Amino acid sequence: MAPIIHLVRHAQGYHNLSQENQQIQDPDLTPLGKTQCEELRKRFDAHDKITHLVASPLRRTLYTCLLSFDPVVKSGKKVIALPDAQEISNLPCDIGSEPSKLKEEFGDLVDLHLVQEGWNDKSRGSRYYPTPSNLEARSRAVRLWLRDLVSKAGDDAQAVLVTHGGILHFLTEDWDGVKLDRGTGWENTELRSYEFADPTGQDPNASLKETQPSWRRRRGSAIPLTETEQMQIRQAFQTLLDEETKKNERATVDTEEAVAD
């Protein structure tokens, strides 16, 4: 059996309720979001097989992981916070908290050794500014990191990564089902399971492929998109992201100028 990577989008956060709420930095889960975590915990039937828990360091993903995979947490496994798995946009809701704040809030439940000062910098020129090359590079870095993680645990390894709707499409290199108005084709707490496309571990891109049971569960006998169709959706998505990024930068400048006046 090859290692399996379970990818999960976070539960509903307050930023999901309205455009205005996207101005909240690093928002919490809503009551419905916490219920979604409980429902995922109940329907997921492989808690005892999970060897690693990983999540984006944003609060909503950390809480989704802790609540949804509570049996794994109670078995003694910590959630590893992985900065490269953070969401793509430079909206306040997608900018994380300082490492010291996360340490105070999550204590020993979360392993924060990878979360360094500056991990939440999404300014122009930073690693996390949402250019196509940056997004592709850090998505590849996540896949390589995950492959290295599970390779050390043997063929039966199963890792969970709780992350975000936008970056999930870059991680999976799959744009099927994207709703451009929502920025994702993933629902809150949706879980899909993947294997590495190259079982030898030599692929320099560490590409993932969805397992057949996972695909059938959500798509039945549907035929996947062609490479051309994937690229067309990818380009449309990036165009919208570029427009949003510039808009957010202008808003930040306007705010700073208003404060200075």
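Me: Let's say contact means heavy atoms within 4.5 Å, and keep in mind that this is a predicted model. By that yardstick, which residues does L161 touch, leaving out those up to four places away in sequence?

Reply: Going by that cut-off, L161 touches H6, L7, V8, V54, A55, S56, A85, V142, L146 and L171.

Me: What makes a set of residues a nonpolar core, and which residues have the most contacts inside the largest one?

Reply: The members have to be buried residues of the nonpolar kinds, joined through side-chain atoms within 4.5 Å. The largest such set has 28 residues, and I5, L7 and L161 have the most contacts inside it. Two or more residues each come from β1, α5 (132–151), β5 (158–163), α6 (165–172), β6 (191–196) and α8 (227–260). Helix α5 gives the largest share, five residues. Apart from this core lies another one, of 25 residues, including I50, F69, L102 and V162. As a general point, nonpolar side chains in soluble globular proteins tend to be buried together.

Me: Why is I24 called partly exposed?

Reply: Buried means under 20% relative accessible area and exposed means over 50%. I24 has 35%, so it counts as partly exposed. You'll find I24 in the loop between β1 (4–9) and α1 (31–43).

Me: And what makes a nonpolar surface patch there, with which residues?

Reply: A patch residue needs over 30% relative accessible area, and nonpolar side chains are joined within 5 Å. I24 is at 35%, so it clears that area cut-off. Together with Y14 and L17, I24 makes a patch of about 250 Å².

Me: How do you know whether helix α2 (residues 59–68) is mostly covered or mostly open?

Reply: Count its residues with under 20% relative accessible area, since that is what buried means. Eight of the ten residues in α2 are buried, which is mostly covered. They are R59, R60, T61, L62, T64, C65, L66 and S68.

Me: Zooming out, why is the protein chain called as compact as a globular protein of 261 residues?

Reply: The chain has eight helices and seven strands. Its radius of gyration is 18 Å, and the globule rule gives 18 Å for that length, so the two are close and the label fits. The C-alpha atoms fill a box of roughly 65 × 45 × 35 Å along the principal axes. Buried residues make up 49% of the 261.

Me: What share of contacts joins residues at least 24 apart in sequence?

Reply: It's 74%, taken among contacts between residues at least 6 apart.

Terms used. Residues are numbered from 1 along each chain as its sequence is written. This is a predicted model: local features need pLDDT of at least 70, side-chain atom pairs count only at pLDDT 80 or more; totals for chains, interfaces and linings use all residues. Side-chain values use heavy atoms; hydrogens and water are left out. Patches are made of residues with over 30% relative accessible area and no salt bridge: like charges are joined within 9 Å, nonpolar side chains (Val, Leu, Ile, Met, Phe, Trp, Tyr) within 5 Å. Accessible areas come from the Shrake-Rupley method with a 1.4 Å probe; for residues, only the protein chains shown count as cover. A salt bridge is a side-chain nitrogen of Lys or Arg within 4 Å of a carboxyl oxygen of Asp or Glu. Helices (H or I, at least four residues) and strands (E, at least two) are DSSP runs, numbered from the N terminus. Buried means under 20% relative accessible area, exposed over 50%, partly exposed in between (1.4 Å probe, protein chains only). The radius of gyration is taken over C-alpha atoms; the globule rule is 2.2 Å times the number of residues to the power 0.38.
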